[in-house]
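Hello,

Here is the structure for you to look over. My notes follow below it.

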Amino acid sequence: MAPRKLRSSNASAPRLGKPLKRAFFGRSVHEVAPDLIGATMLVGGVGGTIVEVEAYHHTDPAAHSYRGPTQRNRVMFGPPGFAYVYRSYGIHWCVNFVCEEEGSASAVLIRALAPTHGIGAMRRRRHLVDVHALCSGPGKLTEALGITIDHNALPLDRPPIALHARTADVEVATGIRIGITKAVELPWRYGVKGSKFLSKPFPK
DNA sequence: GCTCGGATTGGCT
DNA sequence: GCCAATCCGAGCG
């Protein structure tokens, strides 16, 4: 039989679900966060399946918006459906999706992806071969997808950003958030328990 | 205007 | 497990 033609970089990519519109984000951050698990995030056609996120609510002392608007966090106080990008530890970029309604200043931090699209591009940007470590942390995935402050305030439903709903049911685990020192006990981390692409495993 | 520390990562002990 | 890298917002004076 004739050999099947191999697709070079997207061979493991699942069929994409329907595009997520801006209205998807106009809900409670605790509804949006679990609904993002299993969705596909692409920037310039490069990305993968979201496997780990964290919710940050404006009433939450760990949220950047907790003390009101600043130059850095002003996008969080705008309408839902936009990207909030900030610099972490002076070195890395982290990306959030603004949720709820204008002024509620709540967002979901994207923490890890299972790479599916443009894995070669991600490996080049990360100078890394192991696919499991390409996007296994909030600073890693922004480097892999080429996200910088230039992406701050961009709409989530327009190029270069594209989000697609998940196409299969996923069991979403919850746990305490990673790396924070305030409100450490809130179980606002959501993800795929047992995934090899997490920043850290969910406890048993 | 100065100091402190963070929604992190990777390298070294 | 420990720690440096490196920027900027927050808190205080």
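**DNA strand B**

Of the 19 residues around DNA strand B, those that come nearest are Tyr86, Tyr89, Asn96, Arg126 and Gly139. A residue counts as near a strand or molecule if one of its heavy atoms lies within 4 Å of it.

Two conventions before the rest. This is a predicted model, in which local features need pLDDT of at least 70 and side-chain atom pairs count only at pLDDT 80 or more, while totals for chains, interfaces and linings use all residues. Residues are numbered from 1 along each chain as its sequence is written, chains are lettered from A and ligands numbered from 1 in the order in which they are written, and side-chain values use heavy atoms, with hydrogens and water left out.

Back to strand B. Of its atoms within 4 Å of the protein, 56% belong to sugar or phosphate, and the rest to bases. Polar contacts (pairs of N or O atoms within 3.5 Å; within protein, one must be able to donate a hydrogen and the other to accept it, and residues adjacent in sequence count only if both atoms are side-chain atoms) reach both parts of the strand. A polar side-chain atom of His64 is 3.1 Å from a base nitrogen. A polar backbone atom of Ala62 is also 3.1 Å from a base nitrogen. At the backbone of the strand, a phosphate oxygen lies 2.8 Å from a polar backbone atom of Gly139.

The elements giving two or more residues to this surface are β3 (83–88), β4 (92–99), β5 (106–117) and α3 (138–145). Helices (H or I, at least four residues) and strands (E, at least two) are DSSP runs, numbered from the N terminus. The largest share, 3 residues, comes from α3.

**DNA strand C**

Around strand C are Arg67, Thr70, Arg72, Tyr89, Gly90 and Ile91. Sugar or phosphate accounts for 67% of the strand C atoms within 4 Å of the protein. A polar side-chain atom of Arg67 sits 2.5 Å from a phosphate oxygen. A backbone N or O atom of Tyr89 is 2.3 Å from a base oxygen.

**Asp60**

Asp60 lies in the loop between β2 (46–56) and β3. Is Asp60 buried or exposed? It is buried (under 20% relative accessible area; exposed is over 50%, partly exposed in between; 1.4 Å probe, protein chains only), because its relative accessible area is 1%. A polar atom of its side chain lies 2.8 Å from the backbone nitrogen of Ala62. Beyond four places in sequence, Asp60 is in contact (heavy atoms within 4.5 Å) with Ala55, Tyr66, Arg177, Ala183, Leu186 and Trp188.

Best regards
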